[in-house]
Amino acid sequence: MAGAKVTRNPSPYRPLPFHLLRLGQSISAIIVSSVVCFFVYYLLREHYKLPWTFIFLLAAALSTIVSLLVTSALYFFRTLPPKYNLINNAALSVLWVLGLSFMTWNLGWTLGHRCLIDNWKTEAGITVCRLYKSCTAFTVTGLLTTLLTLLLDVTTYRTSTQLGKYNRMQGLDVKRSVPSIISAPIPQYDQLSSPRDANNTGDLGDQKPYRVQESIGVQHFGYSAPSEQTRYDPAHGAF
């Protein structure tokens with residue numbers, strides 16, 4: 001529409017990889033946070049101290065969920081800057097790496113064995129084993145999607161800086177208010193000087209329009225033109 005105004009800059013991200021990676025991040029963060037909150041609840045109820053593994057995993061998952069909400073609002077209502085998203089995903093990658101490192105270090109025995117009754121003795125133990133493995137799998141998924149999103153941020157930021165900065169176009173009301181550059185009055189014919197006064201530096205308004213003072217007779221190769229054809233009439237603009 002002609003009178004519509006631009007409300008947001010176009011996003012520099014390609015939609016398909018951007019949304020797919022963020023979907024993987026959100027699913028991983030929701031599942032990891034749910035499993036860790038389940039363990040934290042029972043540990044606190046039994047008055048156990050929380051291990052650093054659960055602290056880092058919960059921090060990574062919850063930070064990812066909050067980050068996705070904030071950046072989604074920027075993406076749909078404003079414009080998500082690649083530089084801001086790059087810094088954000090770099091910090092999230094550090095948290096995911098720490099969480100996965102502590103988990104593989106402390107739960108290596110659990111992850112290396114099958115969830116059978118011979119190893120866990122009870123059905124509750126088998127459930128805990130499966131929850132551990134599910135949490136580990138989606139922690140790996142969360143780390144991979146965050147790293148891939150970070151790579152997407154880097155490539156998008158380089159592309160956007162090479163293409164230049166987007167400038168919002170002015171509306172029609174702003175364009176109409178800007179004075180036109182070509183606004184100088186066009187000089188009238190009677191303000192033009194005579195060729196005889198080309199070297200005169202006086203005011204143009206004091207000079208008279210050019211007029212042929214004498215009739216011109218043309219005679220060449222035996223042909224003579226009447227004086228009416230060679231006389232200039234300034235009122236009609238013709239010879």
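**Figure 1. Helices α1 and α2 pack against each other in this predicted model.** We start with the pairing of α1 and α2, where α1 passes α2 in a left-handed crossing. The two helices meet at an angle of about 145°, and their axes are 8 Å apart. If you look at the kinds of residue in this contact, you will find 18 nonpolar, 7 polar and 1 charged. Helix α1 covers residues 15-45, while helix α2 covers residues 52-77.

**Figure 2. H47 sits in the loop between α1 and α2.** Here the view moves to the connection that joins the pair of Figure 1. Most residues other than glycine have a negative phi. H47, however, has a positive phi, near 65°. Is H47 buried or exposed? Its relative accessible area is 73%, so H47 is exposed.

**Figure 3. Helices α2 and α3 run roughly antiparallel to each other.** Two packed helices are described by the angle between their axes and the distance between the axes. For helix α2 (residues 52-77) and helix α3 (residues 82-106), the axes cross at roughly 155° and come within 8 Å. Angles over 145 degrees count as roughly antiparallel, and α2 and α3 are therefore described that way. The crossing in which α2 passes α3 is left-handed. The contact of α2 with α3 has no charged residues, and it is made up of 16 nonpolar and 9 polar ones.

**Figure 4. Helices α1 and α3 cross with a left hand.** The axes of α1 and α3 come within 14 Å, and the crossing angle is roughly 35°. Which residues make the contact? From α1 come F18, R22, Q25, A29 and V32, and from α3 come N85, N89 and W96. Sorted by class, the residues of the contact of α1 with α3 are 4 nonpolar, 3 polar and 1 charged.

**Figure 5. C115 and C129 form a disulfide.** A search of the whole structure turns up 1 disulfide, and this close-up is centred on it. The sulfur atoms of C115 and C129 are 1.9 Å apart. The torsion about their S-S bond is about -75°, so the disulfide is left-handed. C115 belongs to the loop between α4 (108-111) and α5 (117-120), and C129 to helix α6 (residues 123-163), so the pair ties together parts that are 14 residues apart in sequence. Both cysteines, C115 and C129, are buried. Two other cysteines are worth a glance. C135 counts as buried because its relative accessibility is 1%, whereas C37, at 39%, counts as partly exposed.

**Figure 6. T110 of helix α4 lies in contact with residues from further along the chain.** T110 is found in helix α4. With a relative accessible area of 8%, T110 is buried. Which residues touch T110, once its neighbours within four places in sequence are left aside? They are W120, C129, Y132 and K133. One of these, C129, is also a partner in the disulfide of Figure 5. Another, K133, is 23 residues away from T110 in sequence, yet the two C-alpha atoms are 8.0 Å apart in space.

**Figure 7. K121 is placed in the loop between α5 and α6.** This view has something in common with Figure 2. Phi of K121 is positive, near 70°, in a residue other than glycine. What is the relative accessible area of K121? The value is 63%, so K121 is exposed.

**Figure 8. The close-ups belong to a protein chain with 7 helices and 2 strands.** This last panel steps back to set the earlier views in context. From the N terminus on, the order of the elements is α-α-α-α-α-α-α-β-β. Buried residues make up 26% of the 239 residues in the chain; among them are C115 and C129 of Figure 5 and T110 of Figure 6. Of the contacts in the chain with a separation of 6 or more, 67% are between residues 24 or more positions apart.

Technical notes
Residues are numbered from 1 along each chain as its sequence is written. This is a predicted model: local features need pLDDT of at least 70, side-chain atom pairs count only at pLDDT 80 or more; totals for chains, interfaces and linings use all residues. Side-chain values use heavy atoms; hydrogens and water are left out. A disulfide is a pair of cysteine sulfur atoms within 2.5 Å. Helices (H or I, at least four residues) and strands (E, at least two) are DSSP runs, numbered from the N terminus. Buried means under 20% relative accessible area, exposed over 50%, partly exposed in between (1.4 Å probe, protein chains only). Axes are lines fitted to C-alpha atoms, for helices over the stretch in contact, and angles run from 0 to 180 degrees between N-to-C directions. Angles under 35 degrees count as roughly parallel, over 145 as roughly antiparallel, 65 to 115 as roughly perpendicular and the rest as oblique. A crossing is left-handed if the near helix is turned anticlockwise from the far one by less than a right angle, and right-handed if clockwise. Ala, Val, Leu, Ile, Met, Phe, Trp, Tyr, Cys and Pro count as nonpolar, Asp, Glu, Lys and Arg as charged, and the others, Gly among them, as polar. Contact means heavy atoms within 4.5 Å.
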